[in-house]
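User: Could you take a close look at the ligand site for me, and then work outward to the loops and ring contacts? I'd like one connected walk-through that I can follow with the model open on my screen.

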Amino acid sequence: MLRNDTIASGVLVCGEVRGNKIHSVTLELIGKARELADKKNTEVSCLLCYCTLGDDVNKLFKYGADKVIVVQNPSLEFFNQEIFAKAVSHVITSFVPEIVLAPATTAGRTYLPAVAAMVHTGLTADCTELDIDEASGLLLQTRPAIGGNVMATIKTPDHVPQMATVRPKTFRVPAAAERCGEVIYYDAPADVFSSRIENLSMESSGADDVNIQDRDVVVAGGKGLRRPENFKILEELAQLLDGGIGASRPTVEAKWMPYRHQVGLSGKVVSPKLYFAIGISGAVQHLAGMQTSQKIVAVNKDPDAPIFKVSDVALCGDLMDIVPMLIDRIKREERI
Ligand SMILES: Cc1cc2nc3c(=O)[nH]c(=O)nc-3n(C[C@H](O)[C@H](O)[C@H](O)COP(=O)(O)OP(=O)(O)OC[C@H]3O[C@@H](n4cnc5c(N)ncnc54)[C@H](O)[C@@H]3O)c2cc1C
């Protein structure tokens, strides 16, 4: 446990390693951590816990890290929330960062609350914006509240570290720059790697086959599709563009699409190069999951639909006419 009079400094990013690779959310968080650290004139460290790594840890310096802290142990081969929580708490207690940022992935959401409890501080989950309060120097942790109807900004004035989780794709990966830094191999005591949890087997949920967060193109459908089978025309469009399928919450609730396709506040955040919103009204909760897309094409029969306010291309009309026309046009372009 850290006392609030402990001299804490620096921003620590809890990186994520998945399938022996550094997950891109790590780079997104390092980029934001760099911005925050520059405002406080302090440094950025990135913690990686893994068994084996196929990537080069030095690449993290290019995105803004000053130090990389590595905890390496065979017990970290598979995710074990107890071991991860103990390892991360140990590093926090040793390095005493002022701010800790972590990904709101399934793993992050599972072990970060335990870390916060172990180091006796608060945790703001699923932040959509982070900044430094000029007057107090505290971390401003902004996240949707009251069903997404208001944005609440939370401060942690009495405890250190100030901890926040952020969903993947909320921030962009910064441009890489030629920088270097220090790699610290952290020697945690043996009891950190013991656990009451026994891993019996691992099974893929199939979610990784979809992974719309990694697609350059996402074609998303809403209640305007009227029937589940109408998702088929979106699948044809997505296939032509090598894209993934997204869905609004009501279509997921109606079981037209599995939850892993849901985009929005209570689904995934995506930030593709091209996002199609087809038969989607553009409620704030949906926008929270896609408004950082580079180009947004909206198809809606209502000229006043809010989605048109955030779209780069607005196609007003019946989707059953417009989508086949788009498919036809792309096929013709491909033949030329
Ligand atoms: C706490 C909370 C969390 C939420 N999280 C999410 C979330 O993660 N993701 C999410 O999407 N929503 C979420 N919602 C729900 C959100 O508020 C909206 O209800 C939802 O996004 C609306 O979905 P929709 O656009 O598919 O349906 P609708 O609002 O019913 O819109 C359908 C649209 O289709 C258009 N349309 C109809 N027929 C056609 C046609 N033939 N051709 C073209 N256009 C047509 C209509 O004009 C309309 O704009 C959340 C709500 C709450 C309270």
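Analyst: A word on labels before we start: helices (H or I, at least four residues) and strands (E, at least two) are DSSP runs, and they are numbered from the N terminus. With that in hand, a label such as "the loop between α3 and β6 (99-103)", where valine 96 is found, is easy to track down. Also keep in mind that this is a predicted model.

Let's begin at the ligand. It is surrounded by 26 residues, and the closest of them are Lys223, Ser248, Ser266, Ser281 and Asn300. Sort the shell by class and you get 14 polar residues, six charged ones and six nonpolar ones. Two helices are worth colouring in here: α7 (249-253) and α8 (284-287) each give at least two residues to that shell.

Now zoom in on the individual contacts. Asparagine 300, one of the closest residues, has an N or O atom in its side chain 2.7 Å from an oxygen atom of the ligand. For histidine 286, a polar side-chain atom lies 2.9 Å from a ligand oxygen. Valine 263 joins in through its backbone instead: one of its backbone N or O atoms is 2.8 Å from a nitrogen atom of the ligand. As for how covered the ligand ends up, it would expose 990 Å² taken alone, and the protein buries 77% of that.

Lysine 223 makes a handy bridge to the rest of the tour. Besides being among the residues closest to the ligand, it has its charged end over the ring of tryptophan 256, 5.3 Å from the ring's centre. You'll find another lysine doing this kind of thing elsewhere in the chain: lysine 32 lies over the face of phenylalanine 171, at 4.8 Å from the ring centre.

While we're on rings, let's do the ring-to-ring contacts. The structure holds four aromatic pairs. One of them is phenylalanine 84 with tyrosine 111, a tilted pair with 5.6 Å from centre to centre and 50 degrees between the planes. Phenylalanine 84 is in helix α3 (residues 81-95) and tyrosine 111 is in helix α4 (residues 106-118), so the pair ties together parts that are 27 residues apart in sequence. The cut-off for calling a residue buried is under 20% relative accessible area. Phenylalanine 84, at 12%, therefore counts as buried, and tyrosine 111 does too, at 5%. Add Phe79 and you have the whole cluster: Phe79, Phe84 and Tyr111 form one aromatic group.

Stay with those two helices and look at the loops that follow. In the loop between α3 and β6, valine 96 has a positive phi of about 50 degrees, even though it isn't a glycine. Its relative accessible area is 13%, so valine 96 is buried. Histidine 120 sits in the loop between α4 and β7 (123-127), and here again phi is positive in a residue other than glycine, near 60 degrees. Histidine 120 is partly exposed, though, with a relative accessible area of 41%.

Next, the stretch around β11. Just look at the loop between β10 (150-154) and β11 (162-166), where proline 161 has its place. The peptide bond leading into this proline from valine 160 is cis, with omega near -5 degrees. Step into strand β11 itself and you reach methionine 163, which is buried at a relative accessible area of 1%. Its C-alpha is separated by 4.9 Å from that of leucine 123, although the two residues are 40 apart along the chain. Past the strand, threonine 170 lies in the loop between β11 and β12 (182-185). A polar atom of the threonine 170 side chain is 2.6 Å from the backbone oxygen of arginine 167, and threonine 170 is buried, with a relative accessible area of 15%.

One last stop, back towards the start of the chain. Glycine 15 is placed in the loop between β1 (11-14) and β2 (17-18), and at 13% relative accessibility it counts as buried. Its C-alpha and that of glutamate 35, 20 residues along the chain from it, are separated by 17 Å.

Technical notes
Residues are numbered from 1 along each chain as its sequence is written. This is a predicted model: local features need pLDDT of at least 70, side-chain atom pairs count only at pLDDT 80 or more; totals for chains, interfaces and linings use all residues. Side-chain values use heavy atoms; hydrogens and water are left out. A residue is near a molecule or strand if one of its heavy atoms lies within 4 Å of it. A polar contact is a pair of N or O atoms within 3.5 Å; within protein, one must be able to donate a hydrogen and the other to accept it, and residues adjacent in sequence count only if both atoms are side-chain atoms. Accessible areas come from the Shrake-Rupley method with a 1.4 Å probe; for residues, only the protein chains shown count as cover. Ala, Val, Leu, Ile, Met, Phe, Trp, Tyr, Cys and Pro count as nonpolar, Asp, Glu, Lys and Arg as charged, and the others, Gly among them, as polar. Rings of Phe, Tyr and Trp (its six-membered ring) pair if their centres lie within 6.5 Å; planes under 30 degrees apart count as stacked, over 60 as edge-to-face and the rest as tilted. Buried means under 20% relative accessible area, exposed over 50%, partly exposed in between (1.4 Å probe, protein chains only). A charge sits over a ring if NZ of Lys or CZ of Arg is within 6 Å of the ring centre and within 35 degrees of the ring normal.
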